[in-house]
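Work through the exercises below with the structure open beside you, and try each task before reading its solution.

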Amino acid sequence: MTNQEIKDKAVELLGSAQPITKPTKKENVLSFRKGHVYIALKLVTPYDKEKQQYADPMPKIVFLVDGKYVRMPIDSSLLKSVGKFLIDLGEVVEGVDVPEVNIDVESAKKMLSTCSEKVSI
């Protein structure tokens, strides 16, 4: 059997091959992390399944606060304005003592189990 005959038989038995997809590439360009705040500029390169090649990379800002994503546009003047505002805000709240909130997971589990014992279906 020739290679072409083997390929033809495989297509007959298994059907045509579906386009391969590959994971999106993500490359960190710049990042900041402190406490519950994370901001990063990434280059995101999606894979085009139809063309079977990676598309051009696109810049994306990833901004997380307390584990929640905040959508940030890539707009230079907006980012500079927000940055200036954050500097001013930092000066205004300088010296303000904000207590850290700590969650006692074991205590929360006990409270939930007490509630579930009282409510029976």
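A pocket is an open set of grid points with protein on both sides within 12 Å along at least five of seven lines, and its lining residues have an atom within 4 Å of a point. The model used here is predicted.

**Exercise 1.** Describe the second largest pocket, beginning with its volume and ending with the classes of its lining residues.

*Solution.* Start with the volume, which is about 180 Å³. Next, look at the lining, which consists of 13 residues, with Lys42, Lys60, Ile61, Val62 and Tyr69 lying nearest the centre of the pocket. Strands E2, E5 and E6 are the elements that each give two or more residues to this lining, and E5 gives the most, with five residues. Finally, sort the lining by class, which yields nine nonpolar, four charged and no polar residues.

**Exercise 2.** Work out how strands E5 and E6 are arranged with respect to each other.

*Solution.* Strand E5 covers residues 58-65 and strand E6 covers residues 68-72, and the two run antiparallel, joined by five bridges. As one example of such pairing, isoleucine 61 has methionine 72 in E6 as its bridge partner. The two strands form a hairpin with two residues between them, and in the turn aspartate 66 has a positive phi of about 50 degrees.

**Exercise 3.** Describe the largest pocket in the order of volume, lining and classes.

*Solution.* The volume is about 680 Å³. Of the 20 lining residues, Phe32, Val37, Ile39, Phe63 and Leu86 lie nearest the centre. Helix H2 provides the largest share of this lining, six residues. By class, 17 lining residues are nonpolar and three are polar, while none is charged.

Methods: Residues numbered from 1 in each chain as written. Predicted model: local features only at pLDDT ≥ 70, side-chain atom pairs only at ≥ 80, totals over all residues. Heavy atoms only, no water. Pairing = 2+ DSSP bridges. Helix = DSSP H or I, 4+ residues; strand = E, 2+ residues; numbered from the N terminus. 1 Å grid on protein atoms, 1.4 Å probe; cavity = no way out; pocket = protein on both sides within 12 Å on 5 of 7 lines; lining within 4 Å. Points joined across faces, edges and corners; volume = space filled by probe spheres on them. Nonpolar A, V, L, I, M, F, W, Y, C, P; charged D, E, K, R; others polar.
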